[in-house]
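Visitor: I'd like to learn how to read charged pairs in a model. Could you walk me through one?

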Amino acid sequence: MNKLGLFCIVLGVIGLISFLITIFVVGYIDERIQEECDSDIGTIGQITGLDEGECQNARNLSDSVSNLQIPSILTGVSFILIGGMLIRKKN
């Protein structure tokens, strides 16, 4: 078996796992934003500045993590395809 092909497949699986992790992280952050920031008390805290910008920081973090989803899945799929082609070519 081609070691480089196997290494590419492992990197691809890591990329796909990171895609799944980003989905869970974004979901968790969005759930917490909905519970704590989009409630009446949370809205008052944002307007008065008592939340010290934490709600906006959470929204920014959610956006940043969701921006990693497409590159991680593309990287994962690409490495799996490259690894598959290398292993198939070797055999």
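Guide: Let's go through the salt bridges, then one contact between distant residues. Keep in mind that this is a predicted model.

Visitor: How many salt bridges are there?

Guide: The idea is to look for a side-chain nitrogen of Lys or Arg within 4 Å of a carboxyl oxygen of Asp or Glu. By that rule, the count here is two.

Visitor: How far apart are the closest N and O atoms of R32 and E36?

Guide: They sit 2.6 Å apart, and the two residues form a salt bridge. Both belong to helix α1, which covers residues 3–36, and they are four residues apart, about one turn of the helix.

Visitor: Are R32 and E36 buried or exposed?

Guide: Partly exposed is the label for anything between the buried cut-off of under 20% and the exposed cut-off of over 50%. R32 has a relative accessible area of 33%, so R32 is partly exposed. E36 comes in at 43%, so E36 is partly exposed too.

Visitor: Which residue does R59 pair with?

Guide: R59 forms a salt bridge with D38, with closest N and O atoms 3.0 Å apart. R59 lies in helix α3 (residues 54–66) and D38 in the loop between α1 and α2, so the pair ties together parts that are 21 residues apart in sequence. R59 is partly exposed at 25% relative accessibility, and D38 is partly exposed at 46%.

Visitor: And what about the distant contact? How far apart in space are I17 and S72?

Guide: Compare sequence separation with C-alpha distance: I17 and S72 are 55 residues apart in sequence, yet 8.7 Å apart in space, C-alpha to C-alpha. I17 is in helix α1 and is partly exposed, at 44% relative accessibility.

Terms used
Residues numbered from 1 in each chain as written. Predicted model: local features only at pLDDT ≥ 70, side-chain atom pairs only at ≥ 80, totals over all residues. Heavy atoms only, no water. Helix = DSSP H or I, 4+ residues; strand = E, 2+ residues; numbered from the N terminus. Buried < 20%, exposed > 50% of the residue type's maximum accessible area, 1.4 Å probe, protein only.
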